[in-house]
Amino acid sequence: MRRIRNILRYVLVIAFNIFIMVVFHSYINFVLLAGLICFPVYSIWGLYKVKQELSLDIKVPLEPMGKKDEFLVHFRLDNPTWFPLVNATIKLSVANPFYQEEGVHYLNMPVRAKKPTEVMYPVEMECCGRFVVRAEEIRLMDLSGIMEVTIPVNREAECVVFPKGEECHREAGQLYMKGVSEAMESKEKGFDFSEISGIREYIPGDKLQNIHWKLSVKKDELMVKERVSVSAMQLSVLVELANDEEMRLESILDLADGMTKAFVSFNLPFTIYYYSTNKGELVGTYIGSEVERKEWISTVLYDRSYGEIGKVEELFKQVVSREGSYLYIGYADGKEEADAVYGNQQTVAVLRGS
């Protein structure tokens, strides 16, 4: 519709110029008429030249960001030709795959000749997960406004957004000690909850912390310490990733972030479990350091939430153990529970089991 209006306006301008030229026999209007006729040809030719050479780049921070922290999304259009354009409309898909949310946005930018055009957009995520921005196409309009072309593009960038839980050191420490009384016996050993059972050659995927560096130097190849986990001396932590209409999963993730951060700061290792929608199974991960904890959070946010509350606890009892204490971080059942730390929106971290 806009193109039709522009064409009609341009035709009226030419017609009016012809009328003036005929009535007043104006040489200036004759020159102007020639320009009016040639300009659309130049404009459309330049449009197709830009279409062939134009490129788009999108950048976001590489490091994980915190929820509600502002960060910048950088859009850059590079036009190596001598033809400028008034406007380029970029169709963007903006999504958070963790919550299966997606929307479409349009970004308008001018296209400079022989110069890049850059736009910085501030973004602030209210929810944790992944901020994924993908450019699907660019619509270009020529200078005369009568011709439009579409360039299919496939440019994508993403940034992981971590939860922001408050560290509850005292409460977390108390729950840990109650859940695993044997932990105090290992204090002199630096809370090492595994025993070395042997030495073998390095296999891709082995953790760097298990490499026997002195022996590796002697043998001139990487050697790895095999460990047998002493599960009875660790706390099992279950994190519920079920979401509801009130988005209470955000409070669960904040609470899990605060509790696990406190465990790591006290040098208290644990095994954390969650139900993976991508894999369709219960996934357990040993956490003994802040690096491993952040890697686990990132892995979870590359997964997806689900709707069935209680799934992780049910699977844990079926697959891992029906006995012993474990720390459940999820939805509160409405009654006051002992050995519990409460978060926002009726969420809780509570010791359960026998």
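The residues that line the largest cavity of this predicted model divide into seven nonpolar, one polar and two charged. The lining is made up of Pro163, Leu253, Ala256, Asp257, Thr260, Arg293, Trp296, Ile297, Val300 and Leu301, and the space that lies within the cavity amounts to about 60 Å³. When the whole structure is searched, one cavity of 30 Å³ or more is found. Two helices, H5 (249–265) and H6 (290–301), each supply at least two residues of the lining of the largest cavity, and H6, with five residues, gives the most to that lining.

Both of these helices also pack against a sheet. This sheet is open and consists of six strands in the order E13-E12-E11-E14-E16-E15, with mixed pairing. Strand E13 (281–287) and strand E15 (340–342) stand at its edges, and each has a single partner strand, so that one side of each is left without a neighbour in the sheet. From one strand to the next, the twist averages 20°. At the edge formed by E15, three bridges join this strand to strand E16 (residues 347–353), and the two run antiparallel; tyrosine 342 stands opposite valine 348, the latter in E16.

Helix H5 packs on the sheet and touches strand E11 (235–239), strand E12 (270–276), E13, strand E14 (325–331), E15 and E16, while its direction makes about 145° with that of E14. Helix H6, in turn, lies across E11, E12 and E13, and runs at about 160° to E13. The two helices that contribute to the cavity lining are thus described by their contacts with the sheet as well, H5 touching E11, E12 and E13 among other strands and H6 lying across E11, E12 and E13.

Charged side chains were examined separately. Side chains of opposite charge can pair when their charged atoms come close, and the structure holds 20 salt bridges. One of these is formed where the side chains of arginine 130 and glutamate 158 meet, with a distance of 3.1 Å from N to O. Because arginine 130 lies in strand E7 (residues 129–141) and glutamate 158 in strand E8 (residues 148–162), the pair ties together parts that are 28 residues apart in sequence.

Note on methods: Residues are numbered from 1 along each chain as its sequence is written. This is a predicted model: local features need pLDDT of at least 70, side-chain atom pairs count only at pLDDT 80 or more; totals for chains, interfaces and linings use all residues. Side-chain values use heavy atoms; hydrogens and water are left out. On a 1 Å grid over the protein atoms alone, a cavity is a set of points where a 1.4 Å probe fits but cannot get out, and a pocket is an open set with protein on both sides within 12 Å along at least five of seven lines; lining residues have an atom within 4 Å of a point. Grid points are joined across faces, edges and corners, and a volume is the space filled by probe spheres set on the points. Helices (H or I, at least four residues) and strands (E, at least two) are DSSP runs, numbered from the N terminus. Ala, Val, Leu, Ile, Met, Phe, Trp, Tyr, Cys and Pro count as nonpolar, Asp, Glu, Lys and Arg as charged, and the others, Gly among them, as polar. Two strands pair if DSSP finds at least two bridges between them. Axes are lines fitted to C-alpha atoms, for helices over the stretch in contact, and angles run from 0 to 180 degrees between N-to-C directions. Contact means heavy atoms within 4.5 Å. A salt bridge is a side-chain nitrogen of Lys or Arg within 4 Å of a carboxyl oxygen of Asp or Glu.
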